[in-house]
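Open the model in your viewer and keep the selection panel handy. We will go from stop to stop, and at each one you will hear what to pick and what is there.

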Amino acid sequence: MAKLLLGAMATTIAATAIFATSAHAITNSSECENEGGSWMTLSGGDYCLVPIRDEEYSDEIYDGNGLGVSECPGETRHNGVYCMYPVNLRPKVEPIATPVDAAVTATDSGNGVVDDAVNTVVDTAVDKAMDAVEEKAGL
């Protein structure tokens, strides 16, 4: 009888662990929808706009029933009624200055030195190409 009771308790605990969704475990869009939220992909990451449960519904038995979350780890909206639950945050990417950019900035310093150098190289290349064409054509 004790073995039967222990087996039943272990099965109950395992089933509870499998089917329970913690309010603090929104990791994808389906979990967001199970909590009654809407999935949003914004430039800063993925968020779940989900209602915040009233205090009387904060127990874990209400998790996954479409009632929302009991605590908000992100920003609240609409006077604390909704939570912008951060799921996958992406870091803000800043452009990295390359050594070439630094060299151009240091060399150019607003005087057009780089532009002049590029124009000289392009003009020389065009002149050489024109000379080759004229020589080949016998002009």
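Start by selecting H78, which counts as exposed at 59% relative accessibility; exposed means over 50% relative accessible area, buried under 20%, and partly exposed in between, with a 1.4 Å probe and protein chains only. This is a predicted model, in which local features need pLDDT of at least 70 and side-chain atom pairs count only at pLDDT 80 or more, while totals for chains, interfaces and linings use all residues. Residues are numbered from 1 along each chain as its sequence is written, and side-chain values use heavy atoms, with hydrogens and water left out.

**Stop 1: the turn**

H78 sits in the loop between β3 (75–77) and β4 (82–89). Helices (H or I, at least four residues) and strands (E, at least two) are DSSP runs here, numbered from the N terminus. Check the backbone of H78: its phi is positive, about 55 degrees, although it is not a glycine. Most residues other than glycine have a negative phi.

Now add N79 to the selection. N79 lies in that loop between β3 and β4 too, and its phi is about 60 degrees, again positive without being a glycine. Is N79 buried or exposed? At 85% relative accessibility, N79 counts as exposed.

**Stop 2: the strands**

Extend your selection to β3 and β4, which form a hairpin with four residues between them. The two run antiparallel and are joined by three bridges; two strands are taken to pair if DSSP finds at least two bridges between them. To line them up, pick T76, which stands opposite C83 in β4.

Then bring in β2 (residues 45–51), which pairs with β4 in the antiparallel sense over seven bridges. Here D46 stands opposite N88 in β4.

**Stop 3: salt bridges**

Stay on D46 and show its side chain, which meets that of R90 in a salt bridge (3.8 Å, N to O). D46 is in strand β2 and R90 in the loop between β4 and α3 (99–108), so the pair ties together parts that are 44 residues apart in sequence. A salt bridge here is a side-chain nitrogen of Lys or Arg within 4 Å of a carboxyl oxygen of Asp or Glu. D46 counts as buried at 10% relative accessibility, whereas R90 counts as partly exposed at 39%.

How many salt bridges does a search of the whole structure find? The search finds four. For another of them, select D63 and R53, whose side chains meet at 2.7 Å, N to O. Both residues lie in the loop between β2 and β3, so this pair ties together parts that are ten residues apart in sequence. D63 is buried, with a relative accessible area of 10%, and R53 is buried at 7%. Add E35 to see a network: salt bridges that share partners join E35, R53 and D63.

Back in β3, display E75 and R77, whose side chains form a salt bridge at 3.3 Å, N to O. R77 is partly exposed, with a relative accessible area of 37%.

**Stop 4: an aromatic pair**

Next, select the rings of Phe, Tyr and Trp (its six-membered ring), which pair if their centres lie within 6.5 Å; planes under 30 degrees apart count as stacked, over 60 as edge-to-face and the rest as tilted. By this rule there is one aromatic pair. Y57 and Y62 form it edge-to-face, 5.2 Å centre to centre with 90 degrees between the planes. Both are partly exposed, Y57 at 38% relative accessibility and Y62 at 24%.

**Stop 5: a long-range neighbour**

Jump to N28, in the loop between α1 (2–19) and α2 (29–34). Which residues does N28 touch, not counting those up to four places away in sequence? W39 and V87, where contact means heavy atoms within 4.5 Å. N28 and V87 are 59 residues apart in sequence and 7.2 Å apart in space, C-alpha to C-alpha. N28 counts as partly exposed at 30% relative accessibility.

**Last stop: the whole chain**

Zoom out and colour by secondary structure. The chain has four helices and four strands, following the pattern α-α-β-β-β-β-α-α along the sequence. Of its 139 residues, 16% count as buried.
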